Amino acid sequence: MPNKRELRDLKSGKLSIEARLDLHGQTEQKAFQALQHFIAQNRTKRITLIITGKGKDGDGVLKRNLPRWLALPDFSSHIASYAPAADCHGGSGAYYVFLKRGMV
């Protein structure tokens with residue numbers, strides 16, 4: 001999890017989101033491929049926002065799968081932490097993903 005200061009600073013605008021990925025409306029396979037590409041292309045960034053959408057009744061497939069995908073070995077070595085986004089950035093339909101800088 002990111003620390004409380006990072007989350008507070010994101011919500012207040014003191015920290016900026018450096019890259020965004022919107023997975024709305026994508027199939028699981030397309031979303032997973034988009035995530036792979038996104039992580040590979042943004043390795044020099046630190047703070048990213050990944051929008052999954054909430055899905056039907058707040059239990060969307062992408063929303064459920066993103067934390068599982070981030071824990072996979074291909075991703076986990078590049079991820080410092082992640083947390084649900086604040087309402088101003090999509091709330092429960094989005095995640096802040098903090099990348100480890102400079103991972104190649």
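Select serine 81 and phenylalanine 98 in this predicted model: phenylalanine 98, in strand S4, is the bridge partner of serine 81. Extend the selection to strand S3 (79-84) and to S4 (residues 94-99), and the wider pairing comes into view, with 5 bridges joining the two strands in an antiparallel arrangement. Tyrosine 82 can be added next; its opposite residue in S4 is valine 97.

**The sheet**

Turn to the other neighbour of S4. Strand S2 (47-51) is joined to S4 by 5 bridges, and these two strands run antiparallel. Select isoleucine 47 here, which stands opposite phenylalanine 98 in S4. Phenylalanine 98 has thus appeared twice, as the partner of serine 81 and as the residue facing isoleucine 47.

Now display the whole sheet. It is open, contains 4 strands in the order S1-S2-S4-S3, and has mixed pairing. Strand S1 (19-22) and strand S3 (79-84) form its edges, each pairing on one side only. On average, and with direction ignored, neighbouring strands are turned by 20° against each other. As a general matter, the strands of a sheet pair through backbone hydrogen bonds, either parallel or antiparallel.

Return to S4 and colour by accessibility. Which residues of S4 are buried on each of its two faces? Ala94, Tyr96 and Phe98 are buried on one side, and Tyr95, Val97 and Leu99 on the other, leaving both faces covered. With 6 of its 6 residues buried, S4 is therefore largely enclosed by the rest of the structure.

**Helices H2 and H3**

Select helix H2 (residues 28-41), which lies across S1, S2, S3 and S4 and runs at about 175° to S1. H2 has 14 residues, and the distance from its first C-alpha to its last is 20 Å, close to the 20 Å expected at 1.5 Å a residue. Show the side chains of Ala31, Ala34, Leu35, Phe38 and Ile39, which are buried. Viewed down the axis of H2, these buried residues fall within an arc of 130°, so they line one face of the helix. In general, an α-helix has 3.6 residues a turn, so residues three or four places apart point the same way.

Rotate to the other side of H2 and select Gln29, Lys30, His37 and Gln41, which are exposed. The cover over the buried residues of H2 includes S1, S2, H3, helix H4 (73-76), S3 and S4.

Helix H3 (residues 61-70) is the next selection. H3 lies across S2, S3 and S4, and its direction is at about 15° to that of S4.

**Helix H1 and the salt bridges**

Move to helix H1 (residues 4-12). Its buried residues include Glu6, Leu7, Asp9 and Leu10. These cover an arc of only 165° around the axis, which puts them on the same side of H1. The buried residues of H1 pack against S2, S3 and S4. On the other side of the helix, Lys4, Arg5 and Lys11 are exposed. Just after H1, select glycine 13, which takes a positive phi of about 90°.

How many salt bridges does a search of the whole structure find? The search finds 2. For one of them, select arginine 46 and glutamate 6, whose closest N and O atoms are 2.7 Å apart. Arginine 46 lies in the loop between H2 and S2 and glutamate 6 in H1, so the pair ties together parts that are 40 residues apart in sequence.

Is glutamate 6 buried or exposed? Glutamate 6 is buried, because its relative accessible area is 17% and the cut-off for buried is under 20%. Beyond its neighbours within four places in sequence, glutamate 6 is in contact with Leu15, Arg46 and Phe98.

The other salt bridge joins arginine 8 and aspartate 9, with closest N and O atoms 3.8 Å apart. Aspartate 9, at 13% relative accessibility, also counts as buried.

**Serine 16**

Finish with serine 16, in the loop between H1 and S1. Serine 16 counts as exposed because its relative accessibility is 51%, and the threshold for exposed is over 50%. Apart from neighbours within four places in sequence, serine 16 is in contact with Leu10 and Ile47. For a distance across the model, select the C-alpha atoms of serine 16 and alanine 40: these residues are 24 apart along the chain, and the atoms are separated by 20 Å.

Conventions. Residues are numbered from 1 along each chain as its sequence is written. This is a predicted model: local features need pLDDT of at least 70, side-chain atom pairs count only at pLDDT 80 or more; totals for chains, interfaces and linings use all residues. Side-chain values use heavy atoms; hydrogens and water are left out. Two strands pair if DSSP finds at least two bridges between them. Axes are lines fitted to C-alpha atoms, for helices over the stretch in contact, and angles run from 0 to 180 degrees between N-to-C directions. Contact means heavy atoms within 4.5 Å. The expected span of a helix is 1.5 Å times one less than its number of residues. Buried means under 20% relative accessible area, exposed over 50%, partly exposed in between (1.4 Å probe, protein chains only). The arc is that of the directions from the helix axis to the C-beta atoms. A salt bridge is a side-chain nitrogen of Lys or Arg within 4 Å of a carboxyl oxygen of Asp or Glu.
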